[in-house]
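Open the model in your viewer and keep the selection panel at hand. The stops below say what to select and what is there.

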Amino acid sequence: MSGYKSDFLRTLNERGFIHQLSDESGLDELLCKETVTAYIGFDPTAASLHAGSLIQIMMLHWFQQTGHRAISLMGGGTGMVGDPSFKDEARQLMTVEKIEDNIASLKRVFSNYLDYDAGENAALMINNADWLRSINYLEFLRDVGRHFSVNRMLSFDSVKMRLDREQSLSFLEFNYMILQAYDFVVLNERYDCRLQMGGSDQWGNIVNGIDLGHRLGTPQLYALTSPLLTTSSGAKMGKSATGAIWLNPEMLPAYDFWQYWRNTEDADVGRFLKLYTILPMDEIARLSALGGSEINEVKKILATEVTAILHGRQAAEQAAETARKTFEEGALSENLPTIEVPASDLGAGIGVLSAFVQAGLAASNGEMRRHVKGGAVRVNDEQVSDERMTLDETTLRDGVIKLSLGKKKHVLVKPV
């Protein structure tokens with residue numbers, strides 16, 4: 001179904017957010033008829049979410065923008081268990097204090113995407129610890145646990161994958177899907193929440209909540225999942241060669257965040273403009289039609305627009321200007337020394353250690369290994385943590401590769 005009547009599903013569909021929907025015509029009608037409440041859960045496994053979570057946060061953003069009420073649910077309770085979905089092994093258990101610290105840190109990002117003071121459809125920030133930590137175990141088993149079939153739970157892909165690999169799944173983790181299903185029912189009772197959204201790996205968990213609601217007498221509940229995104233070359237979203245692309249500024253500065261999006265692969269630019277910016281669709285269509293050297297300008301627009309939502313317009317434009325000075329002015333003027341390498345060498349790939357030695361930034365590969373371990377090596381302003389990294393044509397930015405050792409030594413590599 002693509003001819004959606006509701007603004008929300010129409011927006012999500014044209015921007016590429018929809019992977020699976022339960023009862024799409026029923027949900028479409030409900031969204032047309034009334035203000036609906038929906039939630040997405042975020043477990044506080046670290047002090048910051050990374051760019052892989054942005055697709056979910058943007059779904060909540062569009063939900064509120066189309067007139068509905070969005071709940072960002074913090075997993076203060078479920079975080080004590082850890083979601084086993086498609087994980088190779090159990091998560092490290094965290095203390096209550098660590099979970100609370102992480103939640104306080106996560107909360108600061110959401111207000112850039114959601115308005116928690118918008119009157120009737122103000123977004124809500126809720127913590128499932130409010131009801132999960134006070135559960136009476138025997139009552140919970142009798143009232144909720146009896147509705148779950150172990151046979152069915154074992155059939156879920158997220159569980160089967162772990163068991164097929166003969167990696168143990170603890171009873172603690174097995175309970176996670178029951179707790180998530182229970183969250184949906186509680187949110188319906190307390191906030192009239194009718195829709196749960198998430199990544200496609202959450203489909204089984206969300207459907208569990210719909211089934212539990214049906215058995216416990218809630219109104220019809222709905223599920224919507226987004227595709228699990230990878231880049232065109234197969235890399236996981238939110239990760240780069242230098243590590244996770246964190247959303248909290250103290251864990252990743254605005255400039256590094258901007259650079260991550262500037263380095264988007266050509267084939268992903270149009271898709272990412274739809275998913276990660278709030279630019280109008282006609283503008284995205286115009287930008288997506290540009291090719292050749294103009295694609296680099298479109299990548300800068302993508303980077304600036306994504307960064308502006310999270311870090312503010314001023315920080316985004318400052319990052320773009322810093323990059324312009326570093327790459328464009330540096331490549332054309334005497335500001336930064338430039339070495340030329342045969343294009344065929346770059347085509348075959350040059351080891352990062354030998355590239356720095358060739359550029360005169362170090363005397364030997366051994367010295368370079370020490371610099372990499374010390375965190376002093378950057379390529380295109382991204383820190384290098386893998387000494388086996390190779391530089392090739394995909395590493396080029398505006399026709400050059402910028403090598404940096406420490407804060408003051410920079411050399412541009414230019415293929416000829």
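Select L73 first, then I126: in β4, I126 is the bridge partner of L73. The model is a predicted one. Widen the selection to strand β3, residues 69–74, and to β4; the two strands run parallel and are joined by 4 bridges.

**The sheet**

Now show all the strands. What is the order of the strands in the open sheet? The 6 strands come in the order β1-β6-β5-β2-β3-β4, with mixed pairing. At the edges are β1 and β4 (124–127), each of which pairs on one side only. In general, strands of a sheet pair through backbone hydrogen bonds, either parallel or antiparallel. Both arrangements can be found by going to β6.

Select β6 with β1: these strands run antiparallel, and 2 bridges join them. L21 stands opposite L224 of β6. Next select β6 with β5, a parallel pair joined by 5 bridges. Here G199 has S226 in β6 as its bridge partner. Follow the chain from β5 through helix α11 (residues 203–216) to β6; this β-α-β crossover is right-handed.

Stay on β6 and show its side chains. Which residues point one way from β6, and which the other? Y222, L224 and S226 point one way, while A223 and T225 point the other way. The strand is mostly covered, with 5 of its 5 residues buried.

**Helices on the sheet**

Select helix α2, residues 24–33. Its buried residues include G26, L27, D28, L30 and L31. What covers the buried residues of α2? The cover includes the helices α1 (7–15) and α3 (54–65), together with the strands β1 (20–21), β5 (193–199) and β6 (222–226).

Return to the pair L73 and I126, bridge partners with I126 in β4. From there, compare two helices that pack on the sheet. Helix α2 touches β1, β5 and β6, and its direction makes about 100 degrees with that of β6. Helix α10 (residues 176–191) touches β2 (37–42), β3, β4, β5 and β6, and its direction makes about 145 degrees with that of β5.

**Two buried residues**

Select M74, which is found in strand β3. M74 counts as buried because its relative accessibility is 1%, under the 20% cut-off. Leaving out residues up to four places away in sequence, M74 touches F42, I103, L106, F110, M125, I126, N127 and N128. For a distance across the model, pick the C-alpha atoms of M74 and F140: they are separated by 21 Å, and the two residues are 66 apart along the chain.

Move to S48, in the loop between β2 and α3. Is S48 buried or exposed? At 4% relative accessibility, S48 counts as buried. Not counting neighbours within four places in sequence, S48 is in contact with L106, W246, L247, N248 and M251. Zoom in on N248: its backbone nitrogen lies 3.0 Å from a polar atom of the S48 side chain.

**Salt bridges**

How many salt bridges does the structure hold? It holds 15. In general, side chains of opposite charge can pair when their charged atoms come close. Three of these pairs follow.

- Select D7 and R10, whose side chains meet in a salt bridge at 2.5 Å, N to O. D7 and R10 are separated by about one helical turn, because they are 3 residues apart in helix α1. D7 is partly exposed at 43% relative accessibility, and R10 is partly exposed at 37%.
- Select E321 and R324, whose side chains form a salt bridge at 2.8 Å, N to O. Both lie in helix α16 (residues 313–332), 3 residues apart, about one turn of the helix. E321 is partly exposed, with 32% relative accessibility, and R324 is partly exposed, with a relative accessible area of 32%.
- Select E305 and R313, whose side chains meet in a salt bridge at 2.9 Å, N to O. E305 counts as buried at 16% relative accessibility, whereas R313 is partly exposed at 39%.

Note on methods: Residues numbered from 1 in each chain as written. Predicted model: local features only at pLDDT ≥ 70, side-chain atom pairs only at ≥ 80, totals over all residues. Heavy atoms only, no water. Buried < 20%, exposed > 50% of the residue type's maximum accessible area, 1.4 Å probe, protein only. Contact = heavy atoms within 4.5 Å. Pairing = 2+ DSSP bridges. Right-handed = clockwise from strand over helix to strand, strands pointing away. Axes fitted to C-alpha atoms, helices over the stretch in contact; angles between N-to-C directions. Salt bridge = Lys/Arg side-chain N within 4 Å of Asp/Glu carboxyl O. Polar contact = N/O pair within 3.5 Å; in protein donor to acceptor, adjacent residues only side chain to side chain.
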